[in-house]
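Visitor: I am new to reading protein models, and I would like to understand the reasons behind the words used for them. Could you take me through this one step by step?

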Amino acid sequence: MSSQASPNVPQTPRRATTLSTLIKMKQKGEKFTCLTAYDACFSSLVGEAGVDVILIGDSLGMVLQGHDSTLPVTMDDMVYHISSVKRGNRGAFLIGDMPFMSYASETQTLENAATLMRAGAQMIKIEGGAWISSSTHLLAERGIPVCAHMGLTPQSINRIGGYHVQGRDPRQAQSMLAEAKLLEASGASMLLLECVPQKLAKEISESLSIPVIGIGAGPDTDAQVMVLHDLLGISPITPKFVKNFLSISDDGIRGALSAFVQQVKNKEFPAPEHCFD
Ligand code: KIV
């Protein structure tokens, strides 16, 4: 057993990050950081490094469970990991992913989102464009903040046919911009863009007043998110947008997490080699 305090006992409490903190950061042009975590120990370390937002992502199906997609992840899995992260949380804002098919109908959407909020999420994330605007509206009206995930949406991998950049075609780019605006108008409190050309991500971020988080979406989104295992260089695959921060750390995992925070805040990450045209 380590001599350090248990991760579920906050040592140096930091002021808790809220949705309004993140909106103010966007308004001031201050970048914020988001990392995935799936357990209490990493939740605590990530918060200690100053990461603003923790995403309990359904990427856990790939990086923890060894599946080749996020589709097998269940509501029970999400509740287990969200409640673990909540116990270790040191003030980060917690977003929980709604897993595949858990928001297929209105009733499922409301019940499952409520279950994740009870487990400790402060916002839920759902994948899709215009078609999720009615769910977004339902949830927002009932006090559940929604992050809409657009661009490459891994739960639709069998329809998309591969982990490709989305929005290179000018017509697709125009429709993504229109859908992002519709989602904001429907009550979404945040947008996440995955694998989108940097020019389009910039245009969407500048067109919306809600914060936009990017992964493989260039440097101009309001925030950057990474999968923890990618940052540590232990994922089985390494997409172009990934940077191994552990390899540049002189203080192990803690140094890698702090380097991510610093490099996002001072706009060193993502660099041109991590972006798509
Ligand atoms: O599940 C996840 O970790 C995600 C990120 C890839 C953004 O959705």
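Visitor: Which elements each supply at least two residues of the lining of the second largest pocket?

Guide: In this predicted model, those elements are β5 (146–151), α7 (157–160) and α8 (170–185). The largest share, 4 residues, comes from α8.

Visitor: What makes a residue part of the lining of a pocket?

Guide: A residue counts as lining when it has an atom within 4 Å of a point of the pocket. For the second largest pocket, with a volume of about 400 Å³, 21 residues line it, and the closest to its centre are G128, W131, T153, S156 and R159. By class, that lining has 9 nonpolar, 9 polar and 3 charged residues.

Visitor: What is the volume of the largest pocket, and which residues are the closest to its centre?

Guide: The volume of the largest pocket is about 580 Å³, and of its 31 lining residues the closest to the centre are S59, M62, E194, V227 and D230. Its lining divides into 17 nonpolar, 8 polar and 6 charged residues.

Visitor: Why is α2 called oblique to α4?

Guide: Helix α2 (residues 40–48) and helix α4 (residues 75–88) pack at an angle of about 45 degrees, with their axes 7 Å apart. Angles under 35 degrees count as roughly parallel and those of 65 to 115 as roughly perpendicular, so the angle here falls under neither name and α2 is oblique to α4.

Visitor: How do you know that residues of α2 meet residues of α4?

Guide: Contact means heavy atoms within 4.5 Å, and A40, S43 and S44 in α2 meet S84, V85 and G88 in α4. The residues of this contact divide into 2 nonpolar, 4 polar and no charged.

Conventions: Residues are numbered from 1 along each chain as its sequence is written. This is a predicted model: local features need pLDDT of at least 70, side-chain atom pairs count only at pLDDT 80 or more; totals for chains, interfaces and linings use all residues. Side-chain values use heavy atoms; hydrogens and water are left out. Axes are lines fitted to C-alpha atoms, for helices over the stretch in contact, and angles run from 0 to 180 degrees between N-to-C directions. Angles under 35 degrees count as roughly parallel, over 145 as roughly antiparallel, 65 to 115 as roughly perpendicular and the rest as oblique. Ala, Val, Leu, Ile, Met, Phe, Trp, Tyr, Cys and Pro count as nonpolar, Asp, Glu, Lys and Arg as charged, and the others, Gly among them, as polar. On a 1 Å grid over the protein atoms alone, a cavity is a set of points where a 1.4 Å probe fits but cannot get out, and a pocket is an open set with protein on both sides within 12 Å along at least five of seven lines; lining residues have an atom within 4 Å of a point. Grid points are joined across faces, edges and corners, and a volume is the space filled by probe spheres set on the points.
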